[in-house]
Amino acid sequence: MRKLLLMVILSMFSIKAFTQSYNIPPFKRGGDKVLHFTCSYIIQYNAYNYLEPRFGKKKAKLYSTIITLSIGAGKEIIDQIYRKGWEAGDMYANTAAIILFRYEIKY
């Protein structure tokens with residue numbers, strides 16, 4: 001579990017923390033949503049691959065989904081408190097990444 005938490009923390013710091021505050025045109029056109037989608041997919045993938053040998057496929061899917069949604073919701077809470085507010089589109093991007101991963105894992 002420590003390895004998973006370390007992996008999540010390191011992946012969070014490897015991406016620029018203030019992407020929403022930059023005035024770069026691609027971020028105005030949804031680049032932030034792409035970043036949310038990508039990070040959520042990576043977190044879901046790594047959490048599932050870490051948990052699957054320990055808990056089995058069914059529980060690993062559930063736990064990795066909960067972990068990914070919790071991290072995404074936590075990010076939006078931070079945005080609400082310290083930035084201009086949360087965006088529903090960010091959570092839609094997080095959810096889309098989870099749905100895509102769960103669809104791909106069937107095959």
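# A tour from the α3–α4 loop to the aromatic pairs

Begin by selecting Trp86, which lies in the loop between helix α3 and helix α4, the latter covering residues 88-105; keep in mind from the start that the model on screen is a predicted one. If you leave aside residues up to four places away in sequence, Trp86 touches Glu76, Asp79 and Gln80. Add Lys75 to the selection, and the C-alpha atoms of Trp86 and Lys75 turn out to be 8.6 Å apart in space, with their positions 11 residues apart in sequence.

Next, select residues 57-82, which make up helix α3. The end C-alpha atoms of α3 are 37 Å apart, and this agrees with the 38 Å that its 26 residues should span at 1.5 Å a residue. Which residues of α3 are buried? They are Ala60, Ser64, Thr65, Thr68, Gly72, Glu76 and Asp79, and two of these, Glu76 and Asp79, were already met as contacts of Trp86.

From here, move to Gln44, which is found in helix α2, residues 25-55. Gln44 counts as buried because its relative accessibility is 0%. Showing its surroundings, without residues up to four places away in sequence, brings up Lys61, Ser64, Thr65 and Thr68, together with Ile98, Phe101 and Arg102, as residues that Gln44 touches.

Keep Phe101 on screen and turn to the aromatic rings, where the count comes to four aromatic pairs. One of them joins Tyr41 and Phe101 edge-to-face, at 5.6 Å centre to centre and with 75 degrees between the planes. This pair links distant parts of the chain, since Tyr41 belongs to helix α2 and Phe101 to helix α4, 60 residues apart. Phe101 counts as buried, with a relative accessibility of 5%. Adding Tyr45 and Tyr48 to Tyr41 and Phe101 completes one aromatic cluster.

For another pair, select Phe55 and Tyr63, whose rings are also edge-to-face, 5.4 Å centre to centre and with 90 degrees between the planes. Are these two residues buried or partly exposed? Phe55 counts as partly exposed because its relative accessibility is 44%, and Tyr63, which is found in helix α3, counts as partly exposed at 32%.

Finish by adding Leu62 and Ile66 to this pair, and switch on the surface: Phe55, Leu62, Tyr63 and Ile66 make a nonpolar surface patch of about 370 Å². Helix α3 gives the most to this patch, with three residues.

Definitions and conventions
Residues are numbered from 1 along each chain as its sequence is written. This is a predicted model: local features need pLDDT of at least 70, side-chain atom pairs count only at pLDDT 80 or more; totals for chains, interfaces and linings use all residues. Side-chain values use heavy atoms; hydrogens and water are left out. Patches are made of residues with over 30% relative accessible area and no salt bridge: like charges are joined within 9 Å, nonpolar side chains (Val, Leu, Ile, Met, Phe, Trp, Tyr) within 5 Å. Accessible areas come from the Shrake-Rupley method with a 1.4 Å probe; for residues, only the protein chains shown count as cover. A salt bridge is a side-chain nitrogen of Lys or Arg within 4 Å of a carboxyl oxygen of Asp or Glu. Helices (H or I, at least four residues) and strands (E, at least two) are DSSP runs, numbered from the N terminus. The expected span of a helix is 1.5 Å times one less than its number of residues. Buried means under 20% relative accessible area, exposed over 50%, partly exposed in between (1.4 Å probe, protein chains only). Contact means heavy atoms within 4.5 Å. Rings of Phe, Tyr and Trp (its six-membered ring) pair if their centres lie within 6.5 Å; planes under 30 degrees apart count as stacked, over 60 as edge-to-face and the rest as tilted.
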